Amino acid sequence: MRNEFDHIDEQIIRILHANARTPLKAIANQVFLSSPAVSARIERLEKNGIITGYNAIVNPAALGYHIKAFINLEVKPDQKQDFYPYIKECNNVIECDCVTGDYSMLIEVMFKSTDELDYFIGDLQRFGSTKTQIVFSTSVDHRGIPLAED
């Protein structure tokens, strides 16, 4: 798959990272290809699983979500069969990763209030002990995957 991935594909991905709604014609002009050629490349990138979707970037604070936190959770291996379905149903969970270290899960959450966060942590503790860090500010937000330098 990597053999089929060239510098033009990287340029297309950079453009889509910056704005996934960039018209094909604008992308084509930037990479010096026709619109149908760009469309075919995007379709191939999607088919090969390199591009897996498109998302709108939403300002959480504008929707009232002012509390961002990371929760470390120690889940015993025999509890994972119950934990995974539970965590997938929690709408305030932005991301949940199985990690190495003292805790087995790292959970990123967004809440409107500390009371809501506190309730969630209390419920979460049925799976194991937790350690929570509330975010004061973010200096680097989620960004695209680093690609080879031009």
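**Exercise 1. Lysine 76 and its partner**

Task: Decide whether lysine 76 is buried, partly exposed or exposed in this predicted model, and find which side chain it meets in a salt bridge.

Solution: Begin with the accessible area. Lysine 76 has a relative accessible area of 45%. Buried would need under 20% and exposed over 50%, so lysine 76 is partly exposed. Next, look for a carboxylate partner: the side chain of lysine 76 meets that of glutamate 74 in a salt bridge, at 3.3 Å from N to O. Finally, check the partner. Glutamate 74 has 31% relative accessibility and also counts as partly exposed.

**Exercise 2. A salt bridge inside the sheet**

Task: Find the salt-bridge partner of lysine 68, and work out which elements the pair links.

Solution: Take the partner to begin with. Lysine 68 forms a salt bridge with glutamate 108, and their closest N and O atoms are 3.6 Å apart. Now place both residues on the chain: lysine 68 sits in strand β1 and glutamate 108 in strand β3, 40 residues apart, so the pair links distant parts of the chain. Then turn to accessibility. Lysine 68 is buried at 15% relative accessible area, and glutamate 108 is buried at 7%. One more step shows who else meets this glutamate: phenylalanine 70 stands opposite glutamate 108 in β3.

**Exercise 3. The other salt bridges**

Task: State how many salt bridges the structure holds, and identify which residues are joined into one network.

Solution: The total is six salt bridges. One of them is formed by the side chains of aspartate 123 and arginine 126, at 3.2 Å from N to O. Here aspartate 123 counts as partly exposed, with 29% relative accessibility. For the network, follow the shared partners: they join Asp6, Asp9, Arg41 and Arg44.

**Exercise 4. Building the sheet**

Task: Work out the strand order of the sheet and explain why one side of β2 and of β4 has no neighbour in it.

Solution: Start from the whole chain. The protein has five helices and four strands, and along the sequence they follow the pattern α-α-α-β-α-β-β-α-β. The four strands form an open sheet in the order β2-β3-β1-β4, with antiparallel pairing. β2 (93-98) and β4 (130-134) stand at the edges with a single partner strand each, so one side of each is left without a neighbour in the sheet. From one strand to the next, the twist averages 15 degrees.

Now count bridges. β1 and β3 pair over seven, while β2 and β3 pair over five. Within the β2 and β3 pairing, cysteine 96 has isoleucine 107 as its bridge partner in β3, and valine 93 stands opposite valine 109. The hairpin of these two strands has six residues between them, and there glycine 101 takes a positive phi near 110 degrees.

**Exercise 5. From sheet to core**

Task: Identify which elements give two or more residues to the largest nonpolar core, and trace the contacts of valine 109.

Solution: The largest nonpolar core has 19 residues, and those with the most contacts inside it are Phe83, Ile87, Ile107, Val109, Phe120 and Leu124. The contributing elements are β1 (67-73), α4 (80-88), β3 (105-111) and α5 (114-124). Apart from this core lies another, of 13 residues, including Phe5, Ala28, Leu45 and Ile51.

Next, take valine 109. Beyond its neighbours within four places in sequence, valine 109 is in contact with residues including Ile67, Ile71, Ile94, Leu117 and Phe120. Its strand is mostly covered, too: six of the seven residues of β3 are buried.

**Exercise 6. A polar residue in β1**

Task: Decide whether asparagine 72 is buried or exposed, and find what it touches.

Solution: Asparagine 72 lies in strand β1. Its relative accessible area is 16%, so asparagine 72 is buried. Leaving out residues up to four places away in sequence, asparagine 72 touches Tyr103, Met105, Leu106, Ser129, Thr130, Lys131 and Gln133.

**Exercise 7. The whole protein**

Task: Compare the radius of gyration of the protein with that of a compact globule of 150 residues.

Solution: The globule would have a radius near 15 Å, but the protein has 20 Å. Along its principal axes, the C-alpha trace spans about 55 × 35 × 25 Å. As for burial, 29% of the 150 residues count as buried.

Terms used: Residues are numbered from 1 along each chain as its sequence is written. This is a predicted model: local features need pLDDT of at least 70, side-chain atom pairs count only at pLDDT 80 or more; totals for chains, interfaces and linings use all residues. Side-chain values use heavy atoms; hydrogens and water are left out. A nonpolar core is a set of buried Ala, Val, Leu, Ile, Met, Phe, Trp, Tyr and Cys residues joined through side-chain atoms within 4.5 Å. Buried means under 20% relative accessible area, exposed over 50%, partly exposed in between (1.4 Å probe, protein chains only). Contact means heavy atoms within 4.5 Å. Two strands pair if DSSP finds at least two bridges between them. Axes are lines fitted to C-alpha atoms, for helices over the stretch in contact, and angles run from 0 to 180 degrees between N-to-C directions. A salt bridge is a side-chain nitrogen of Lys or Arg within 4 Å of a carboxyl oxygen of Asp or Glu. The radius of gyration is taken over C-alpha atoms; the globule rule is 2.2 Å times the number of residues to the power 0.38.
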